[in-house]
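Visitor: I would like a close look at one part of this protein, the largest pocket. Please take me through its lining and the parts around it.

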Amino acid sequence: MDEEFSMEDPTPLLQSASDFAYYPGAQNDAVVKDFLDHFPLPVIFSALQTKADVPDLERTLVACLEKIFKTKYGASLIPQYMAFVNLGLKADSQLVKCLACKTVSCLLENVNDKTISPAQLVIDNGIYPLLLHCVLIGNGEVAIASMEAIQKFAGFPKAIEVIFPANNEDFTHLRNLSARCSSLGRVRLLSLVVKLFTVSPDVAAVVFNSNLLSLLEAEVSNTDDTLVTLSILELFYELAEVQHGIEFLSSTNLIRLLPSIISNISADAILRSRAMMISGRLLSKENIYAFVNESGVKTVISAIDGRLGVESQDLNECECALEAFGQIGSSTPGATLLLTMSPPAARHVIDAAFDRQARGKQLAALHSLGYISGESRSESNIILNGEAEETLRRLIYDTASKTPKLTPSGLFLSILQQDAEARLAAYRMITGLVFRPWCLMEICTKQEIVNIVTDPTTETIKRDALLNLASEKFQAWMLDIIVARQSIRLSWPRVNSAPILLLLELLPSCRKQLGEGHISPASIGKHNRQ
């Protein structure tokens, strides 16, 4: 470092950098420029290299530089100091390494000079191999920061041939690195693969065509190390959330691997649980059914069904299984399969939903039944095919008949009279079920349920904001359905019209439709008298 940038006493720099770095809130370009007029970047870099033994200096200067480079003005200066970024990535200090990785991200995100290509700067200055090295040997924070920088780099077209070299023997090729590094390094590299997969459909296609997803498959098939397998399952869980990745994932062996993990009684329960949750997330996507054959989906559902049939099952595993069924049931094809397979897998959900012996299990089942019944689907997709609908109705009535409540309306009321969490789950469940005429009739003939729906003070506590929202949605959806069914009295002539009249009069959505002449309370009363 040139002597002109060195300083004998770093105290003024340390004090000013501390004030700058720990100022609450973001710093603007004007403040950054003023600070750098007093302490130019070369001075700060020199102090980092030569005065690192001064207490708190390194940590303070790193925090200061991080804030500087997050501004537009600070980022515009990075291209002039790529040599320092290079040195930072090679530094022994993990703090400095982490700063260098974050600086690369700032460069890729914030440089607006059209005459400068950030990606080309990364390539020309040999930054990418150093970032890869940080992924492998840095501490946790460095590994995360370097992966994020590579992920941003992958968003540039020029980066593709660097990250995915045509020469399979290239030392930076991810497959080669994976074969040479430690188990921790391999998990980090696979985490990088997942991050790259999420960048865009084009990058996901390159990842797939490079056969990198097979590395994850190989690792998850090895159950010798539970922690490694669990880490890889977490990565698959992230992959299952990537909308543009469904087509690629469906072409892997994942759908075949998941049932084997779920059914493996010698595996740790947490591995089976994560495999179930991945299955749920993956099969909740409507578009996956265009790429995966039905028999593969049935095999996954049967594996989860088998675990729910084990009496000695771990409670957490049971809740995960029920949640997985809920996610699968959130899609129309998934809900249909859950109800039409023999025996219907949804029976476990319905049995648990009305069983008050295991609270966590009941809550998971209630939410899952809400998904299966269509609470989260668009109105046009709530009702399933005839066989599925008949199974849903039969399972609920059969379950009710085995309880002291005897009827579905009795079961609904018993849950609505429980605590806030149970009521929230009940609102979601009934919001989906109430689209069925049989359920609507059950609701309308139970005066106590009508009282809960029409009582404006039922859910008013601010801390239960989510519950209030669920209650309002439940009310509005149910009443909209009642209003839409103008011939409801003709279909059910012996049903007391008083609850429906009360609902129509009290709620705004119905009052609006009444005003527009869509339905007449008088006509409902007349039909009832007939």
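**The largest pocket and its surroundings**

Guide: The lining of the largest pocket divides into 13 nonpolar residues, four polar and two charged. Here Ala, Val, Leu, Ile, Met, Phe, Trp, Tyr, Cys and Pro count as nonpolar, Asp, Glu, Lys and Arg as charged, and the others, Gly among them, as polar. This is a predicted model, in which local features need pLDDT of at least 70 and side-chain atom pairs count only at pLDDT 80 or more, while totals for chains, interfaces and linings use all residues. Residues are numbered from 1 along each chain as its sequence is written, and side-chain values use heavy atoms, with hydrogens and water left out.

The pocket has 19 lining residues, and Leu48, Phe84, Leu87, Gly88 and Val96 lie nearest its centre. The elements that give two or more residues to this lining are α3, α4, α6 (82–90) and α7. Helices (H or I, at least four residues) are DSSP runs numbered from the N terminus, as are strands (E, at least two). The volume of the pocket is about 330 Å³. A pocket is found on a 1 Å grid over the protein atoms alone, as an open set of points where a 1.4 Å probe fits, with protein on both sides within 12 Å along at least five of seven lines; lining residues have an atom within 4 Å of a point. Grid points are joined across faces, edges and corners, and the volume is the space filled by probe spheres set on the points.

Next comes α7. This helix covers residues 94–110, 17 residues in total, and reaches 24 Å from its first C-alpha to its last, close to the 24 Å expected at 1.5 Å a residue. The expected span is 1.5 Å times one less than the number of residues. Of the 17 residues in α7, 13 are buried. Buried means under 20% relative accessible area, exposed over 50%, and partly exposed in between (1.4 Å probe, protein chains only). At the N-terminal end of α7, Ser93 acts as a cap, with a side-chain oxygen 3.3 Å from the backbone nitrogen of Leu95.

Two other lining elements, α3 (41–50) and α4 (57–69), have a loop between them that holds Asp56. Phi of Asp56 is near 70°, a positive value in a residue other than glycine. Asp56 is exposed, at 58% relative accessible area.

As for the whole protein chain, its secondary structure comes to 34 helices and zero strands. Buried residues make up 53% of its 530 residues.

Definitions and conventions. Polar contact = N/O pair within 3.5 Å; in protein donor to acceptor, adjacent residues only side chain to side chain.
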